[in-house]
Amino acid sequence: MSTVVATVAGICALGAAGLLPVLATVGLRWYSVPLAPLAGAVAASLAATASLTFGGSLLDWLLGIAAAAAAGVCALLVVRPELGLRGGPPGPGRGALDRVAGIVGFLLVVMACAWSLRGLRTPTVGFDARSLWLMRPGWFLHGHTQLLVDMRTRDLVLTQSSYPPLLSASVAVAWKITGIHTARLGVTMVALLDACALAAAALAVVQVGRAAAARASRAWLPLAVGIAAAVLLVLVAAGVTEPFLTNGYADPLWSLAAVGAVAYGLQMRSDPSSRAAAVVLVLVAGMTKNEGFVTAVALVALVAARSIGMAGLRGARDRLVAPLVVAVCELAALAWWPVLMKAIHARGATSTFSASQDLAHRTDAVVHGFSPYLHVLVLAVPLALLGGLVLRDVRRRAEVGNDLWAWLALVTGLVAVASALVTGSGAIGPWLLSTAHRITEYPTLETWWIVGVWTVVAVAGLTGSGADDRSLRHAGEAAVVEEDGVGAVGLVGSSR
Amino acid sequence: MTVVSTLVAVVGLVALGGQAVRGTRTVDVQLAHRTVHDASVDDAFYACIDTQAHSLVRPGQTVTLGGTNLADVVTMIKGFGSWVTVADPASSADVVLTLHDGSAGPGTCLGTTVVATTHGPDGRTVVRVGTGAQVPGQGPPPAPPL
């Protein structure tokens, strides 16, 4: 079996595991296609964690989890048939042009993602990929007793083996079902998961264009710009994440998944489908790497806060309970692996902190180390300020969430990564030199997504100057006050 | 508002387009001859020591990664850490694997060979050298991106 066939088999296996839960919660959407393998990867991660916790093989647990999820979905549809597979979003924008834009946007984003993976023609396997991410899959295929030894024994110097398992578990699934245990297959599997996260995040921008077009007098313009921005963002993201996009590193996956989670959970209109997409992407980010875990925990809190909004705080029970239950379940799933690492005394599970007198010096070094990779902020901050001050009504009409949510998510992720460096015990200079370009991927990409969304919103502003603009604006505001908690909270960008 | 919309849209699209072009060039670097060569040598080196380790360890045997050189231990983890059965405690291992870094020659992986130390039933120490693969040239392999 060739590596290409084995990779397709591995991705299809993950997609099969995640398909039903995604269809039931996200619905029949174009962005469900890349989300299905990612949901399967989450199932593989949970299976690896369960295997280490209780014993049993990784594949048995994956089959069990996938079967349980499928049975749960079927049972729910029998008991509550009205839930069905979620159809299209309510409101305008369901015309032929919108449907064509959905198809064209999906195809172009997929083509751009495929083009961005051409680096796979070079058989590169990154240092960390070979020493950790593509080495642990073999451990997950060992028996439970040996896996415990692998994770614990101090004779192996590898302290990073306690990192979250999603990536290695996904590769282990591909190794197991194909019988091919090669680093090359691991690299291609990881690259395709990266592409799925990238496609999902980019398709959110296509959705923003479709939502904006629904209330625009010349609908084709926001649709076209939404698609163009999404395709350009794919190419931008490939540049930001290479060579790690195609050499088996974990940083692109958690960064792109976190960007997608922000797009669906905090930037797009808040509806059940987008919130479900955000859940999948948050779990992928949090189960892939420690930095992703910290960022994902913050994103869980932010998405829950947006869903609850002022209505929930004022006592609307339905706005309060469901988001809290979802958030608690997400946190439980995310916390399982790190808690287990502590419980079994795994190598690298204990934290080390530097002496306090180093903090000022280390903070200064981190600021200077990160700066060259974050120059896009010089563009994005004034653009977002201008948009927030002048285009806020257009943003609301386009049903885009308040920009401050995305900025909060960006700052949270940046602070989380910077804090790990500042409080860590490793020599800060070499540490920054070898990691700064990788661990700034999330804030860099998030900033570009903010630019992309504002671009689509601005184009919607150009098309909304027709005679019927006033009535459309009132309709848009009414919908947004209902949907978006931030509008009622009154952060920057709110006209209230 | 129209002026600001136009400004934001134009600036956003131009910035995205410019960065997309830069991104495309960054990806193209991965296809450069030097990058492909370095990746191929790196791949061949680790495949070589993996094959040599397989020639030294029978199924079911427990292994410890010996030696005092941290870089060698990391190289062994990268080469065959995924499939060896690590012994716990290390002293109970059936086989101690180490790397011998010497000069380039036949039967070596860029000058490196995998060496197994075992104890026979009579207590005698047996040292064997890995076989089955070689990569000509002198190591270490080109450093991949960190």
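User: What is the order of the elements of chain B from the N terminus on?
Analyst: In this predicted model, the elements of chain B run α-α-β-α-β-β-β-β from the N terminus. Chain B thus holds 3 helices and 5 strands.

User: Why is chain B called more spread out than a compact globule?
Analyst: The globule rule gives 15 Å for 146 residues, whereas the radius of gyration of chain B is 24 Å; the value is well over the rule, so chain B is more spread out than a compact globule. Along the principal axes, the C-alpha atoms of chain B fill a box of roughly 90 × 35 × 25 Å.

User: What makes a residue of chain B count as buried, and what percentage of the chain does so?
Analyst: A residue is buried if 20 or more other C-beta atoms lie within 10 Å of its own. Of the 146 residues of chain B, 40% count as buried.

User: Among contacts in chain B between residues at least 6 apart in sequence, what percentage joins residues at least 24 apart?
Analyst: The figure is 67%. A pair enters this count if the C-beta atoms lie within 7 Å.

User: How many residues does each chain bring to the contact between chain A and chain B?
Analyst: Chain B brings 45 residues and chain A brings 52 residues. On the side of chain B that touches chain A, two or more residues come from each of α1 (2–29), α2 (33–54), α3 (70–80) and β2 (85–86) of chain B. Of these elements, α1(B) gives the most, with 19 residues.

User: What is the make-up of that side of chain B in nonpolar, polar and charged residues?
Analyst: The side of chain B that touches chain A divides into 24 nonpolar, 16 polar and 5 charged residues.

Terms used. Residues numbered from 1 in each chain as written. Chains lettered and ligands numbered in written order. Predicted model: local features only at pLDDT ≥ 70, side-chain atom pairs only at ≥ 80, totals over all residues. Contact = placed C-beta atoms within 7 Å. Helix = DSSP H or I, 4+ residues; strand = E, 2+ residues; numbered from the N terminus. Nonpolar A, V, L, I, M, F, W, Y, C, P; charged D, E, K, R; others polar. Rg over C-alpha atoms; globule rule 2.2 N^0.38 Å. Buried ≥ 20, exposed ≤ 12 C-beta atoms within 10 Å, placed from the backbone.
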